[in-house]
Amino acid sequence: MNGRSRSTGLLLVIFGASFWGVGGTVAQKLFQEFGISVDWLVTARLLTAGILLLAVQFLMKDRSQVFGVWKNKRAAIMLLIFGLAGMLAVQYTYMASIHHGNAAVATLLQYLAPAMIIIYLVLRKQSVFSRQDFVTVSLALAGCFFLLTNGSVSQLSVPAPAIVWGVLSGVALAFYTLYAIPLLKEYDSLVVVGWAMVIGGSALSLIHPPWQMDFGSLTAEAGLYLFFVIIFGTMLAFWFYIESLQTLSPTETSLLSSLEPLAAVFTTVIWLNEPFGMFQWAGTACIFGMILLLALNKQKPAKNSDCAENEEPLRVS
């Protein structure tokens, strides 16, 4: 691996993670200032980004996988479940949390998923609860407490619906992460995620068709923000992340991808002027500590190799 390739990989994961984080903040602006609905944005985001990712796979990678996945009945059923209960669920809950609260809190709550996975695997007796797990879960709980209460147990600093949707987003992400492992062992990430996005977007379009939108009322500024969320914050973010794995290790990409919540927090506070108290910053630090601990000390579960670290870890935001 030469220095230039490694530098390219570093730039790709840095830009990809930053696009994810900033994309959530831009979505918040669309919800709050331009009246874009969560249903419409999630539908448009999933369909457009999914089709583009499949196009990348078809033009630049193994094109036989794009439609080959549907020839395997077991894989096809798993992909449908993953698209609906994984991709659609995590995207919708995340955006709904942003809509009711803000991008910073929504992103940080979504990052509770690793702690949820640890607890799930321990309860299923697929992993032993280690000292590192205890520290990880403790950081997650402390971070959640400080983030949502700002140090005061008598009142919440974040609207209750935002908390509910944010926690559900973490649960959905935990399912999304674990359920996709068998699919990733057989098919490229772009195929799995691309089709999952198309499936989720198609299902939601039955409720809120993407063409039922008054495009004439959209300002140029709103159009630019939509373009960023769909292309940069979704399609390019995921593609860059996957491409970075060609020259960086999964641990390195996981560590650098912690820039996502960092970008979400700082753009929400600085650009959108969302208030963040001292205890909320302490909560943010706890969750960052959890992320860094997991990235630096990845372990394989003791009893189930199916939950081991993947060569191409999935991301979604």
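Biologist: How many helices and strands does the secondary structure of the protein come to?

Modeller: Helices (H or I, at least four residues) and strands (E, at least two) are DSSP runs, numbered from the N terminus, and here the secondary structure comes to 14 helices and 0 strands. The radius of gyration, which is taken over C-alpha atoms and set against a globule rule of 2.2 Å times the number of residues to the power 0.38, is 19 Å, close to the 20 Å that the rule gives for 317 residues, so the protein is as compact as a globular protein of that length. Please keep in mind that this is a predicted model, in which local features need pLDDT of at least 70 and side-chain atom pairs count only at pLDDT 80 or more, while totals for chains, interfaces and linings use all residues. Residues are numbered from 1 along each chain as its sequence is written, and side-chain values use heavy atoms, with hydrogens and water left out.

Biologist: What share of the 317 residues counts as buried?

Modeller: Buried means under 20% relative accessible area, exposed over 50%, and partly exposed in between (1.4 Å probe, protein chains only). By that reading, 54% of the 317 residues count as buried. Contacts, meaning heavy atoms within 4.5 Å, add to the picture, since among those with a separation of 6 or more, 86% join residues 24 or more positions apart.

Biologist: How should I read a single helix such as H8, and what covers the buried residues of H8?

Modeller: The expected span of a helix is 1.5 Å times one less than its number of residues. Helix H8 (residues 160-179) has 20 residues and reaches 28 Å from its first C-alpha to its last, close to the 28 Å expected. Its buried residues include Ala162, Ile163, Gly166 and Tyr176, and their cover includes helix H4 (73-100), helix H5 (103-110), helix H6 (113-123), helix H7 (131-149) and helix H10 (189-205). Leu173 also has its place in H8, and at 15% relative accessibility Leu173 counts as buried.

Biologist: How many salt bridges does a search of the whole structure find, and where do Glu33 and Lys29 lie?

Modeller: Side chains of opposite charge can pair when their charged atoms come close. A salt bridge is a side-chain nitrogen of Lys or Arg within 4 Å of a carboxyl oxygen of Asp or Glu, and the search finds 3 of them. In one, the side chains of Glu33 and Lys29 meet at 2.9 Å, N to O; the two are 4 residues apart in helix H1 (residues 3-34), and are therefore separated by about one helical turn. Glu33 is exposed, with a relative accessible area of 51%, whereas Lys29, at 10%, counts as buried.

Biologist: Which parts of the chain does the salt bridge of Glu243 and Lys61 tie together?

Modeller: Glu243 forms a salt bridge with Lys61, the closest N and O atoms being 2.9 Å apart. Glu243 lies in helix H11 (residues 220-244) and Lys61 in the loop between helix H2 (38-60) and helix H3 (64-68), so the pair ties together parts that are 182 residues apart in sequence. Glu243 is partly exposed at 23%, and Lys61 is partly exposed at 31%.

Biologist: Where do Glu186 and Arg74 lie?

Modeller: The side chains of Glu186 and Arg74 meet in a salt bridge at 3.5 Å, N to O. This pair links distant parts of the chain, with Glu186 in helix H9 (residues 181-186) and Arg74 in helix H4, 112 residues apart. Glu186 is partly exposed, with a relative accessible area of 39%, and Arg74 is partly exposed, with 49%.
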